[in-house]
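Welcome! Take a moment to turn the structure around before reading on. The paragraphs below will lead you through it step by step.

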Amino acid sequence: MKTQGTAEDSFVLLITGPAGAGKSTLADSWAKSRSTPTVHISLDDVRDWVKSGYANPEDGWNAVAEQQYHMARRCIALAVREYVSAGYACVVDDAIFPDWDAVSVQGWERDLGDIAVRLVVLMPSIETLEKRNSRRTGHRLLSSETIGIIREQMSGWVERGVPLIDNSSMSVEDTVRGLDAVLGIGE
């Protein structure tokens, strides 16, 4: 049986990385592996709540895409606050960029208020991103050019001292163990 944690020892784990890095897969698997109740929320899934008028960032970042992103982030922050207050751990996956204010970790910190934030970056090789992206469909299938641009913009995390995991040749289970290691869980 899984036991509840307390709000005092809770934090939100933010997993970021380029499109195709395995953020959602890792977040889901990590949440399922916890010994305490843990919630996984994907920003892309919340953005997909918009059924008419969806602003696809692939078509260009504009005021509507930014508004929808910020609404999704605020909705997730509200949900995280509720879960944390009930003793649940939370993991959120999102493409958070080191040098882009509109989609920054500071935006998450602002929206989450006094909830501690832990950020981990997945940074597989461009070849791995291309391979994983090729299995996507719909608006989540990105052009090779977009994959390269996103990875290049995400490479700024390398200089920030944020925990990075190169999961290019790692299984999901190995990546979960790698995540636990960078978080200092199970030591």
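Let us begin with a cysteine, Cys90, which is buried at a relative accessible area of 2%. Another cysteine, Cys75, is partly exposed, and its relative accessible area is 37%. Since this is a predicted model, everything said here describes the prediction. A disulfide is a covalent bond between the sulfur atoms of two cysteines. How many disulfides does the count come to here? The count comes to zero, because a pair of cysteine sulfur atoms has to lie within 2.5 Å to be called a disulfide.

Now step back and look at the whole chain. The protein has seven helices and five strands. If you follow the sequence from its start, these elements appear in the pattern β-α-β-α-α-β-α-β-α-α-β-α. The protein is made of 187 residues, and 44% of them count as buried. Take the contacts between residues at least 6 apart in sequence: 76% of these join residues at least 24 apart.

With that picture in mind, turn to the inside. The largest nonpolar core holds 45 residues, and Val80, Trp108 and Leu179 are the ones that touch the most other members. Helix 3, residues 63-85, gives this core its largest share, with six residues. Leu179 makes a good place to pause. If we set aside its neighbours within four places in sequence, Leu179 is in contact with Leu13, Ile15, Leu26, Trp30, Val120 and Ile165.

Leu179 also leads us to a meeting of two helices. Two packed helices are described by the angle between their axes and the distance between the axes. For helix 1 (residues 23-33) and helix 7 (residues 172-183), the axes come within 9 Å and cross at roughly 75°. An angle from 65 to 115 degrees counts as roughly perpendicular, and helix 1 and helix 7 are therefore roughly perpendicular to each other. Which residues meet there? From helix 1 come Thr25, Leu26, Ser29, Trp30 and Ser33, while helix 7 brings Val172, Thr175, Val176, Leu179, Asp180 and Leu183. Sorted by class, this contact between helix 1 and helix 7 has six nonpolar, four polar and one charged residues.

The loops deserve a visit too. Find Ala21 in the loop between strand 1 (11-16) and helix 1. Is Ala21 buried or exposed? Ala21 is buried, because its relative accessible area is 0%. Apart from its neighbours within four places in sequence, Ala21 is in contact with Leu122, Pro124, Leu129, Arg132 and Asn167. The C-alpha atoms of Ala21 and Arg132 are 7.8 Å apart in space, although the two residues are 111 residues apart in sequence.

Another loop, between helix 5 (126-133) and helix 6 (144-154), holds Arg135. Arg135 counts as exposed, because its relative accessibility is 57%. From C-alpha to C-alpha, Arg135 and Gly20 are 9.3 Å apart in space, with their positions 115 residues apart in sequence.

Two further loop residues round off the tour. Asp114 sits in the loop between helix 4 (105-112) and strand 4 (116-122). Asp114 is exposed, with a relative accessible area of 78%. Its C-alpha atom is separated by 9.4 Å from that of Arg81, and the two residues are 33 residues apart along the chain.

Finally, look for Val162 in the loop between helix 6 and strand 5 (164-165). Val162 has a relative accessibility of 16%, so it counts as buried. Leaving out its neighbours within four places in sequence, Val162 is in contact with Leu119, Val121 and Trp157. Val162 and Val121 are 41 residues apart along the chain, and their C-alpha atoms are separated by 7.1 Å.

Definitions and conventions. Residues are numbered from 1 along each chain as its sequence is written. This is a predicted model: local features need pLDDT of at least 70, side-chain atom pairs count only at pLDDT 80 or more; totals for chains, interfaces and linings use all residues. Side-chain values use heavy atoms; hydrogens and water are left out. Axes are lines fitted to C-alpha atoms, for helices over the stretch in contact, and angles run from 0 to 180 degrees between N-to-C directions. Helices (H or I, at least four residues) and strands (E, at least two) are DSSP runs, numbered from the N terminus. Angles under 35 degrees count as roughly parallel, over 145 as roughly antiparallel, 65 to 115 as roughly perpendicular and the rest as oblique. Contact means heavy atoms within 4.5 Å. Ala, Val, Leu, Ile, Met, Phe, Trp, Tyr, Cys and Pro count as nonpolar, Asp, Glu, Lys and Arg as charged, and the others, Gly among them, as polar. Buried means under 20% relative accessible area, exposed over 50%, partly exposed in between (1.4 Å probe, protein chains only). A nonpolar core is a set of buried Ala, Val, Leu, Ile, Met, Phe, Trp, Tyr and Cys residues joined through side-chain atoms within 4.5 Å.
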